[in-house]
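Colleague: Mind if I quiz you about how the terms get used here?

Modeller: Go ahead, have a look first.

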Number of protein chains: 2
Amino acid sequence: MKKKDLDERKKKVLQAIVEEYINTAEPVSSGSITKGHGLDYSSATIRNDMAQLESIGFLDKPHTSAGRVPSAEGYRYYVNELLKEDNLSLEEIKYIQNKLKIKVNEIEDLTKVATTTLSEITHYTTVAVGPKADKQIIEEIKFVSLGQRMLMVVIVTDTGLVKETIIKFDEDITESQVDTLNNLFNTRLRGKPLSKIDKPMADYIFSEVHYSIGIMKAIIEQINKIVEEENNNIFLEGAKKSFDLPEFKSMKVAKNFVNLLDAKDEMLEIFNSGDAEDINVFIGDDDENSNLKDFSIITFKHTLGDKDLGTIGIIGPKRMDYAKVIAVMKYISKKLNEDNDKKEGM
Amino acid sequence: MKKKDLDERKKKVLQAIVEEYINTAEPVSSGSITKGHGLDYSSATIRNDMAQLESIGFLDKPHTSAGRVPSAEGYRYYVNELLKEDNLSLEEIKYIQNKLKIKVNEIEDLTKVATTTLSEITHYTTVAVGPKADKQIIEEIKFVSLGQRMLMVVIVTDTGLVKETIIKFDEDITESQVDTLNNLFNTRLRGKPLSKIDKPMADYIFSEVHYSIGIMKAIIEQINKIVEEENNNIFLEGAKKSFDLPEFKSMKVAKNFVNLLDAKDEMLEIFNSGDAEDINVFIGDDDENSNLKDFSIITFKHTLGDKDLGTIGIIGPKRMDYAKVIAVMKYISKKLNEDNDKKEGM
DNA sequence: TTTAGCAATCAAACACAAAGAGTGCTAAAG
DNA sequence: CTTTAGCACTCTTTGTGTTTGATTGCTAAA
């Protein structure tokens with residue numbers, strides 16, 4: 001049997017199982033879904049369907065006399081084919097509106113508020129990562145001296161993001177040197193992506209500036225550090241909530257969770273791999289020794305027009321309430337764009 | 001019996017029990033400490049001592065036929081009276097030296113490196129909190145305009161800390177306004193602690209500047225936000241390591257741990273309450289429903305002369321290796337001061 | 001004061017039975 | 001051909017009683 005060709009009843013059975021399991025976190029028996037969910041068959045009939053759904057890999061059986069549990073594939077089919085839109089309650093809508101109403105100076109703050117709100121409404125752990133360095137265009141680089149031996153570098157990007165760093169030197173730095181720096185860096189980097197501040201760029205700067213190698217080295221080092229940090233910056237919210245989930249009774253699951261949150265590279269890869277237009281659902285595979293085994297990640301891009309302002313996501317159990325989460329995300333995503341439009345126009 | 005008047009043998013027995021428990025995480029039986037630890041008595045003798053140590057509250061008994069476990073009071077006595085200095089291995093010393101050698105631009109970075117190193121050597125979770133706002137003296141406030149409607153505020157404090165924030169306005173701001181701001185804030189705030197940027201100060205500024213109430217409000221709001229953030233800033237390292245501890249097999253303990261890390265106010269209170277000169281040991285009380293029940297916190301102040309540069313600490317199980325942790329902390333604390341001396345002199 | 005000896009205590013481990021949940025299969029009914 | 005009732009079978013969970021082993025507390029002797 002082709003996996004796509006589920007007859008209507010089997011679809012309903014799968015859907016009922018997934019939804020039941022999301023609610024109860026217990027294996028679902030054939031008897032428990034004979035009524036409701038648009039079904040009205042005997043448990044024997046359901047059982048036959050279940051056996052087939054298992055044989056094509058959509059269901060798992062913890063052991064003979066337990067019910068069935070959706071497999072990662074089962075969840076995927078459910079999310080792609082069976083999920084029906086959930087509607088937010090009026091309170092939820094009001095709550096979100098109220099939260100996103102705040103005035104912010106940096107887009108980054110707005111992303112954070114949205115991430116926090118998402119966690120508050122869904123009760124899952126949420127995460128925000130900034131846009132990658134190659135997506136951020138430098139609008140201005142400004143060097144400001146703070147006393148004789150201290151210099152601040154400010155980088156303003158088109159995402160409204162402003163990054164600063166302080167550099168201290170062993171030697172004095174003059175105002176004219178600061179001017180040179182401002183000229184040099186701006187003519188060279190304005191309009192380029194953040195990621196352009198790299199080795200070739202450093203070499204060029206070195207070739208242009210013949211004095212104070214020490215100063216130049218310190219500057220380039222520090223700027224590289226900002227870019228690096230910017231590329232690896234992860235904001236986390238509501239991690240503690242996850243520990244109330246029933247799956248966290250298993251120490252193994254809890255440990256996988258903290259390992260997952262700690263594996264920033266893995267997280268960044270997932271968060272940056274999603275499609276820009278859509279809500280992306282990553283359902284943890286069944287691989288026994290993956291951190292992701294028990295979890296799913298759902299992400300969406302915070303955008304303004306075609307500007308990438310970073311990715312916001314949720315990390316929950318595979319058994320998470322996909323319909324609700326996706327509905328909340330869609331709403332927040334829409335609101336973020338509305339608000340941004342207003343801000344642009346102001 | 002007075003708690004302080006333990007005879008020599010009882011001290012040794014208590015010490016042996018604590019150390020054995022630290023090693024094994026299992027209740028300690030009378031039989032297991034008849035030899036070694038400077039003891040050479042029969043188990044019956046040890047048993048008598050144990051019974052008395054229990055009656056004065058230094059030991060607990062999970063149940064009749066288990067061994068004994070130190071109580072919070074027992075740990076306290078051990079730490080205050082019995083602990084003998086541990087020595088670091090040559091490798092450990094080298095490792096720390098190497099890590100702290102790095103050149104930093106902000107003291108904050110040095111604190112972070114020290115905190116990370118502390119976690120790496122001890123394998124416990126470590127934490128750093130910055131100095132409180134009333135301990136940080138403002139050396140300069142600088143307003144820098146970034147385009148017509150964007151202003152950056154930089155605050156340099158005597159701890160070398162530089163805080164920046166960006167403020168966006170709905171109206172244009174002129175260079176002369178920026179000059180006024182610089183004058184006003186600097187004459188008023190230079191030499192004052194960060195915490196002085198408060199309501200009375202805001203009122204004063206309002207009374208002096210008669211134009212652009214909107215701009216002034218935005219500025220004061222933002223500055224308050226920095227100070228607030230600065231006061232609540234917690235840096236955490238190695239939280240994941242704790243999950244390998246045997247005590248984390250109990251979900252209750254794991255949950256207490258994440259709750260503890262999440263309860264920033266509680267953490268800050270503990271971290272800020274320590275004595276400046278010393279290494280401070282907070283041993284979790286026996287109170288059943290406290291987050292701290294299973295944990296101890298050890299802190300020391302990162303200082304330079306009499307300047308408070310923040311507090312660094314460790315959060316581990318009550319059963320943690322106090323001798324080792326304290327030894328490492330003492331060494332790092334000393335090194336931080338040495339390095340700072342060098343940095344001051346450069 | 002210390003220790004040997006021993007009964008008493010209690011968790012942990014084991015074994016076994018019974019109960020309960022749920023399946024898979026078969027054969028009959030629709 | 002699809003659906004369903006019926007029932008044997010499987011496997012976990014729960015309960016119970018038993019044994020084992022660790023460890024203590026007490027007593028009486030060294």
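Colleague: What gives the most residues to the surface near DNA strand D?

Modeller: That's H2(A), with four residues. A residue is near a strand if one of its heavy atoms lies within 4 Å of it. Bear in mind that this is a predicted model, where local features need pLDDT of at least 70, side-chain atom pairs count only at pLDDT 80 or more, and totals for chains, interfaces and linings use all residues. Residues are numbered from 1 along each chain as written, chains are lettered from A and ligands numbered from 1 in written order, and side-chain values use heavy atoms, leaving out hydrogens and water.

Colleague: What makes the pair between Thr45(A) and a phosphate oxygen of DNA strand D a polar contact?

Modeller: A polar contact is a pair of N or O atoms within 3.5 Å. An N or O atom in the Thr45(A) side chain is 2.5 Å from that phosphate oxygen, so the pair qualifies.

Colleague: Which bases' atoms do Ser65(A) and Arg47(B) approach, oxygen or nitrogen?

Modeller: Ser65(A) has a polar side-chain atom 2.9 Å from a base oxygen of DNA strand D, while for Arg47(B) the partner is a base nitrogen, at 2.9 Å.

Colleague: How do you know that the two copies are related as by a two-fold rotation axis?

Modeller: A turn of 180 degrees and a shift of 0.0 Å along the axis lay chain B on chain A with an RMSD of 0.1 Å. The fit is by least squares on C-alpha atoms of residues with pLDDT of at least 70 in both copies. Therefore the copies are related as by a two-fold rotation axis.

Methods:
Polar contact = N/O pair within 3.5 Å; in protein donor to acceptor, adjacent residues only side chain to side chain. Helix = DSSP H or I, 4+ residues; strand = E, 2+ residues; numbered from the N terminus.
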